[in-house]
Amino acid sequence: MWYITFMLDLESLKKELNPEQFKAVTTTEGAILIIAGAGSGKTRVITFRIAHMLDKGIPQSQILALTFTNKAAKEMADRIKGLTQKKLQNLTISTFHAFGVKILRQEITKLGWRENFSIYDETDRVALIKECGRELKFSPEAMDIYTIGNLISNIKTGRKNWETANDMYKPLYELYQEGLQLYNAVDFDDLIVLPIKLFRENPDVLERYRERYKYIMVDEFQDTSHQQYEMMHLLADKNVAVVGDDDQSIYSWRGADYQNIINFEHDFDVTEIRLEQNYRSTETILEAANGVISHNTNRKEKKLWSGNGGGKPIEVFMPQNETDEANFIAESILGIAMEEGRKYDEFGVLMRANTQGRVLEEALLENNIPYTMSGGTSFFERKEIKDVISYLRVIANHDDDINLIRIINTPRRGIGRATIQLLNDEALLNGCTMWNAMDSLINRPGSPANDAIKEDLSEFMKLIEDQRQKILTGRGLSNKVRQMVEDIDYKDYLIGEFGKNEKAVKFKLMNIESLLNSIDVWEKDPDNENPSIFNYLNRITLMERDNGDDENDKGKVNLMTIHASKGLEFPVVFIAGCEEGLIPHARSVEENGGDVEEERRLFYVAITRARDKLFLTSCQKRKRMNMINECTPSRFLDEIPQNLIEYHEPKEFTQEEAHDMLSNFLDNLNAKG
């Protein structure tokens, strides 16, 4: 109840916050630009600000807070609930994409889609691009899916137009767009693009949303794209607060533009508040970060400072090659963990490129150091999970051709390539979806399908319809999905696929059980007002796109790219590969016309992940494309004030010292629980 007491008392609030934070929290009217440096208590300010607004009597329903990951949105919501001791069911805290879904779920029929549309993930999107390419008879050489996918995204979001792009792909783009609408589906770009289109074409709808959300907040504002800015700009009247740091803008490659800070100042009458006191890092680490970022010219002037004391020097190690580098990092982790009693999850090992990961992983494995590496196969991308989810998507939306094709013969039911070709032909002939094509092949006079094909298709359609009747009615979704998995004999299918590998079958069945448990937890959440299959499918699609970490990664060293480390912090950080060509990355510098400012921001982000200790490694030689190359230390190392740096050799221990430290390490771990 202490939180409630201080929330009602501004004097108590002043004691909790520094003067700039207090101003940011209590300035609730007008357009506010909060420049929040790394580690300056940004999330604290946002949550206190919303709690303070609620305490002032602003209705929950009038507040909209937008951020970039489900993890950030959940953390924000949990903190505000803790501060206010209220359920806050009418408060909207959401990712941009989830908010787009919320709008489209209500309004998409005005744009020509039907209700209960599907959201295509990357796998579905690629399948549709390939299907369009085949229909247009593109040669295999012309079907660079990655390039085409990027082009479609760039055209759709306005980052490119057909005057500057390769217009040979224009027919494919148009067919792709037609395909989405035919299959009653949208892709991730549509979750921002279509609400903007809706607002522009329907002023009455826009006015309704503006009337609802009178107070808007945007977190990580420097990461917004032009489209996300446009969505916010359309919605915002005058009470809008954006929080960001131009020095941490590192996502231009996915459309982010920190110039939106300038746009915001141009479009609104802005009050600027700067948060420069850092609560994370030592003074040494902050001085290093300030020294580096001060070399960027296109930025808002700011200087982080800390009350955490001077701290240890930054240690730089120059190993012979990447193997020595990886061994140094692994041995240093062991040494520091033993000497200081640190747990493994207190260490972050950051790299510029994924290609650096293999050697680092090998060294950690060799030294029996548990680790987690960001990236890898998402849980929802595993085949067995994808199969179950595809069934649910088709049950929810018969017109979802991509997922229908995925499951039509999984498990095998005699519907092979020849039948699928018949379905494709029938769909093209009638301009309809695959589901309607099945019905046509079964019932149309003169159908080219023989009796065996008709029977197989009829059984599949009956299976889907029977499951639809069960799953769309009443509660108990997880039990219904469990029964569905049994009804389609999925376990027998796995045994048939992996008959000689019992462990693989067991692992995949455990994954399915984990999915069922997650559905059960979701539908039993008291804050979940509508646990329908449609809401569940939209939730997992967004979660797969937006989410980061895994709760099971506690107690492990964090090995990740610098991009993946944004928003995180670790007591001890190693930045591997501080060399020209890696950081700054040669390709990024080349693509940006020689501009290194975003690469410098990336290095700044890496430095400011460290709380107590920072190690930098720069190899003398590195193997690239099976060739040994001489390396030059990164120019960014020279930008760190040299009085903050100590050149380092790995610490060697006698056998007796190592034994004593291991005993102390284990004692400390046991003491910490």
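## Exercises: cavities inside a predicted model

The residues lining the largest cavity divide into five nonpolar, four polar and two charged. Keep in mind that this is a predicted model.

**Exercise 1.** Work out which residues line the largest cavity, and sort them by chemical class.

*Solution.*
- Step 1: list the lining. You should find Arg-105, Asn-116, Phe-117, Ser-118, Ile-119, Arg-393, Ala-396, Asn-397, Phe-534, Leu-537 and Asn-538.
- Step 2: pick out the five nonpolar residues. From the list, these are Phe-117, Ile-119, Ala-396, Phe-534 and Leu-537.
- Step 3: pick out the two charged ones. These are Arg-105 and Arg-393.
- Step 4: what's left is the polar group of four, namely Asn-116, Ser-118, Asn-397 and Asn-538.

**Exercise 2.** Find which helices and strands each supply at least two residues of that lining, and which one gives the largest share.

*Solution.*
- Step 1: match the lining to the elements. β4 (118-119), α17 (383-396) and α25 (533-546) each supply at least two residues.
- Step 2: check them against the list. Ser-118 and Ile-119 fall in β4, Arg-393 and Ala-396 in α17, and Phe-534, Leu-537 and Asn-538 in α25.
- Step 3: pick the winner. With three residues, α25 has the largest share.

**Exercise 3.** Now describe the second largest cavity: its volume, its lining and its main contributor.

*Solution.*
- Step 1: the volume. This cavity holds about 60 Å³ of space, while the largest cavity holds about 70 Å³. The structure has three cavities of 30 Å³ or more.
- Step 2: the lining. There are 10 residues, and those nearest the centre are Asp-121, Phe-380, Lys-386, Ile-389 and Arg-393. Spot Arg-393, which is also in the lining of the largest cavity.
- Step 3: the contributors. Both α17 and α25 supply at least two residues, but α17 gives the most, with five.
- Step 4: the chemistry. Here you get four nonpolar, two polar and four charged residues.

**Exercise 4.** Zoom out: why does the radius of gyration of the protein agree with that of a compact globule?

*Solution.*
- Step 1: the expected value. For 673 residues, a compact globule would come out near 26 Å.
- Step 2: compare. The protein has 27 Å, so the two agree.
- Step 3: add some context. The C-alpha atoms fill a box of roughly 85 × 60 × 55 Å along the principal axes, and 54% of the residues count as buried.
- Step 4: look at the fold. You'll count 30 helices and 19 strands. Among contacts with a separation of 6 or more, 77% come from residues 24 or more positions apart.

How values were computed:
Residues are numbered from 1 along each chain as its sequence is written. This is a predicted model: local features need pLDDT of at least 70, side-chain atom pairs count only at pLDDT 80 or more; totals for chains, interfaces and linings use all residues. Side-chain values use heavy atoms; hydrogens and water are left out. On a 1 Å grid over the protein atoms alone, a cavity is a set of points where a 1.4 Å probe fits but cannot get out, and a pocket is an open set with protein on both sides within 12 Å along at least five of seven lines; lining residues have an atom within 4 Å of a point. Grid points are joined across faces, edges and corners, and a volume is the space filled by probe spheres set on the points. Helices (H or I, at least four residues) and strands (E, at least two) are DSSP runs, numbered from the N terminus. The radius of gyration is taken over C-alpha atoms; the globule rule is 2.2 Å times the number of residues to the power 0.38. Buried means under 20% relative accessible area, exposed over 50%, partly exposed in between (1.4 Å probe, protein chains only). Contact means heavy atoms within 4.5 Å.
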